[in-house]
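Reader: Could you take me on a close look at a single part of this model? I would love one connected walk through a strand and its partners.

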Amino acid sequence: MLIKQAPDIRSSEITPEHVYYNRRQFIGASGAALGAAGAALLGGSGGVQAAPQEDIPNLAPSPFSTDERLNSFEEITSYNNFYEFGLDKEDPKRYAHELTVEPWSVRVEGHINRPAADYTLEDILQPHPLEERIYRLRCVEAWSMVVPWVGFPLADLVRRFEPTSRARYVRFETLYRPEEFRGQRRRNLTYPYVEGLRMDEALNPLAILVVGLYGKTLLNQNGAPLRLMVPWKYGFKSLKSIVKIEFVEEQPRNTWNVEIPHEYGFYANVNPEVNHPRWSQATERRIGSFFRQRTQMFNGYGDQVAHMYAGMDLAANY
Ligand code: MTE
């Protein structure tokens with residue numbers, strides 16, 4: 001990114017994990033039906049609250065989850081990239097309260113057999129049981145975290161809107177609202193923030209739409225109320241606060257590729273062998289750890305995703 005080294009998170013900010021595990025045991029013991037998993041999100045009055053966060057009970061665990069040590073809630077919600085709030089890692093948390101996320105709607109359009117329309121967040125979430133996915137997140141800046149996301153497969157939403165054969169890519173847009181996003185007022189990037197996936201990537205079971213983490217609805221700094229998470233790609237593909245999902249024929253021009261084309265491509269698959277022009281991608285700093293660790297090809301998700309890139313020159317398609 002534009003890269004400015006942020007200070008390490010102080011250990012005093014880290015919340016002990018046992019609090020989370022105790023709560024998870026409680027939730028697990030409640031044994032309620034999975035179909036009702038979205039109930040807390042949909043709420044009696046309807047709509048996700050920006051603050052306070054709501055609990056999301058009865059989450060199905062996922063075989064795709066890693067058992068690596070989780071980063072703490074404090075780390076995940078205090079050290080963020082969300083340029084709409086500013087360039088510093090602390091800015092998203094500092095200014096998160098300036099964003100209103102209720103009401104929220106998502107425009108779905110393009111080459112689909114279902115009606116193009118503005119869908120309320122409730123309409124978007126309603127049919128999808130939520131699950132917990134504990135994923136590694138690898139930022140292109142060479143830091144990483146392990147995050148217990150709450151969400152549902154993007155593939156389920158894609159199939160629901162019945163894309164036609166002309167839909168070869170899915171294009172996503174983050175909210176453009178300069179009154180609330182100070183970064184947009186300062187034009188620190190070209191907005192709205194845009195990202196895209198090839199159709200087979202969007203249908204891959206690992207790609208999820210996220211509504212929460214640590215069993216609670218998302219805070220604004222993490223992309224409330226709805227964001228993408230594509231764990232085998234650098235974090236910048238996983239755009240936040242989504243307001244538009246479009247099914248398109250042409251490969252979308254994604255924000256960082258438009259901004260600095262020779263540094264950031266469309267694919268952005270995690271690859272320790274293809275260095276960023278300004279730094280190595282061979283290792284990463286796990287937030288909260290002192291030692292650097294080796295970066296894994298496709299962020300460790302090769303078994304599930306490598307087939308999609310068979311025969312492709314991964315250095316040219318960075
Ligand atoms: N989405 C938007 N709209 N704006 C951003 O600046 N930053 C990306 C991604 N999604 C970004 C975004 C980057 S670079 C990363 S690493 C992840 O969000 C960070 O997600 P996190 O802050 O929840 O850890």
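Author: Happy to! A residue counts as buried when its relative accessible area is under 20%. With that cut-off in hand, and keeping in mind that this is a predicted model, let us turn to strand β4, residues 143-153. The strand is mostly covered, with 11 of its 11 residues buried.

Now for its partners. Strand β3, residues 131-138, runs antiparallel to β4, and 8 bridges join the two. If you want a place to find this pairing on your screen, look for Tyr 135, which stands opposite Val 147 of β4. The hairpin that β3 and β4 form has 4 residues between the strands, and Ala 142 in this hairpin adopts a positive phi near 75 degrees.

β4 also pairs with strand β7, residues 208-213, in the antiparallel sense, through 5 bridges. Here Trp 149 has Leu 213 of β7 as its bridge partner. With strand β11, residues 283-286, the sense is parallel instead, and the pairing covers 2 bridges. Ser 144 is the residue to look for there, as it stands opposite Arg 286 in β11.

While you have the model open, the ligand deserves a glance too. Among the 18 residues around it, those that come nearest are Asn 80, Tyr 83, Glu 84, Arg 227 and Lys 240. Lys 240 places a polar side-chain atom 2.7 Å from an oxygen atom of the ligand, and Asn 80 has one 2.8 Å from a ligand oxygen atom. The protein covers 99% of the 530 Å² of accessible area that the ligand has on its own, and the space the ligand takes is the largest cavity.

How values were computed:
Residues numbered from 1 in each chain as written. Predicted model: local features only at pLDDT ≥ 70, side-chain atom pairs only at ≥ 80, totals over all residues. Heavy atoms only, no water. Buried < 20%, exposed > 50% of the residue type's maximum accessible area, 1.4 Å probe, protein only. Pairing = 2+ DSSP bridges. Near = heavy atom within 4 Å. Polar contact = N/O pair within 3.5 Å; in protein donor to acceptor, adjacent residues only side chain to side chain. Areas by Shrake-Rupley, 256 points an atom, 1.4 Å probe, with all protein chains shown as cover. 1 Å grid on protein atoms, 1.4 Å probe; cavity = no way out; pocket = protein on both sides within 12 Å on 5 of 7 lines; lining within 4 Å. Sits in = over half its atoms within 2 Å of the grid points.
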